[in-house]
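The following points are offered as a colleague's note, to be read alongside the coordinates. They proceed from a single loop residue to the core, the pocket and the cysteines.

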Amino acid sequence: MTSRTEANICPSRTAPKFVIRVCQDLNEAIAKLANQHNRSANSEMVQAIEAWQSCKGQLELLKSTLSGSLDPAVAIAALSKPYLVPCLPETKFVVRLLPGMREKISEEKAERFAAYERNSVSNRYAMNDIVNDILQWWLNINQDLKALFAACNKKNKKSGQKALDVSIFMTHAA
C-alpha cells in the first residue's frame with residue numbers, strides 16, 4: 001500500500017477552507033447547477049468565484065450582446081424567469097478556495113465597507129454576504145445566458161445557422 005505524499009494530493013484537498021452560510025434554496029440551486037456541469041458543489045462554488053474574479057465583465061457583455069442580437073420582445077421573454085432571491089442563511093457549507101480567492105473577496109469587502117462609509121450604499125460587506133452575492137450572480141448569469149442562447153438557437157434554426165452550445169461555454173468559463 002502506498003502512502004499519499006503532498007505531491008500527488010489534489011490541490012483542492014489542501015486548499016484553505018472557508019465556511020459560508022447559505023440558505024437551502026441557494027444550496028440546492030448550486031448543487032443542481034453543479035450536476036448540470038458535471039462537477040461537485042464545491043467546484044461549482046469555486047468556479048463561480050473564479051468567474052466573478054476573472055470574467056464577470058465578459059459574461060455580462062456576452063449577455064448584453066446576445067440580448068442585442070434578438071428582437072427586444074424575444075430578449076425580454078427569455079430573461080423573464082425570476083431570479084433566485086435567497087432568504088436568511090441557514091446551512092453551513094465548507095468551500096475550499098483556490099490561492100488568491102480569499103484575498104480578492106477581502107478586497108471586495110474593503111471596497112464595500114468604504115462605499116458604505118462614504119454614502120451608506122450597502123451594509124452587505126461581510127465576506128459571507130459577498131460569497132452569497134457571487135453565488136447568486138453565478139446562478140443568475142447562468143440562467144440568463146442559457147435562456148438567451150436558447151432564444152438565439154431558435155432564431156438560428158429558422159435561418160439555417162449552426163446552434164450554439166452554452167453548456168460547454170459555462171462549464172469552462174474563467
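1. Leucine 70 lies in the loop that joins α3 to α4. In this predicted model, leucine 70 has a relative accessible area of 6% and is therefore buried, the limit being under 20%. A position in a loop thus does not place leucine 70 at the exposed end of the scale.

2. What does leucine 70 touch, once residues up to four places away in sequence are set aside? Its contacts are Ala75, Leu148, Ala151, Cys152 and Lys155. For one of these partners the spacing may be given: the C-alpha atoms of leucine 70 and leucine 148 are 8.5 Å apart, although 78 residues separate the two along the chain.

3. The largest nonpolar core comprises 38 residues, and the members touching the most others are Ile20, Leu59, Ile105, Leu135 and Trp138. At least two core residues come from each of β1 (17-22), α2 (24-36), α3 (41-68), α4 (72-78), β2 (91-96), α5 (101-119) and α6 (127-159). Helix α6 provides the largest share, with 14 residues. As a general matter, nonpolar side chains in soluble globular proteins tend to be buried together.

4. The largest pocket has a volume of about 360 Å³. Its lining consists of 18 residues, of which Lys32, Gln36, Lys81, Leu139 and Gln143 are the closest to the centre. Both α2 and α6 supply at least two lining residues, and the largest share, 7 residues, belongs to α6. Helix α6 thus makes the largest contribution to the core and also to the lining of this pocket. By class, the lining divides into 9 nonpolar, 5 polar and 4 charged residues.

5. Asparagine 38 merits a check of its backbone. Its phi is near 55°, a positive value in a residue that is not glycine. Asparagine 38 sits in the loop between α2 and α3. Is asparagine 38 buried or exposed? Its relative accessibility is 72%, so asparagine 38 counts as exposed, for which the threshold is over 50%.

6. The last point concerns the cysteines. How many disulfides does the structure hold? The number is 0. Cysteine 23 has a relative accessibility of 1% and so counts as buried. Cysteine 55 is likewise buried, with a relative accessible area of 8%. A disulfide is, in general, a covalent bond between the sulfur atoms of two cysteines; the model contains 0 such bonds.

Note on methods: Residues are numbered from 1 along each chain as its sequence is written. This is a predicted model: local features need pLDDT of at least 70, side-chain atom pairs count only at pLDDT 80 or more; totals for chains, interfaces and linings use all residues. Side-chain values use heavy atoms; hydrogens and water are left out. A nonpolar core is a set of buried Ala, Val, Leu, Ile, Met, Phe, Trp, Tyr and Cys residues joined through side-chain atoms within 4.5 Å. Buried means under 20% relative accessible area, exposed over 50%, partly exposed in between (1.4 Å probe, protein chains only). Helices (H or I, at least four residues) and strands (E, at least two) are DSSP runs, numbered from the N terminus. Contact means heavy atoms within 4.5 Å. On a 1 Å grid over the protein atoms alone, a cavity is a set of points where a 1.4 Å probe fits but cannot get out, and a pocket is an open set with protein on both sides within 12 Å along at least five of seven lines; lining residues have an atom within 4 Å of a point. Grid points are joined across faces, edges and corners, and a volume is the space filled by probe spheres set on the points. Ala, Val, Leu, Ile, Met, Phe, Trp, Tyr, Cys and Pro count as nonpolar, Asp, Glu, Lys and Arg as charged, and the others, Gly among them, as polar. A disulfide is a pair of cysteine sulfur atoms within 2.5 Å.
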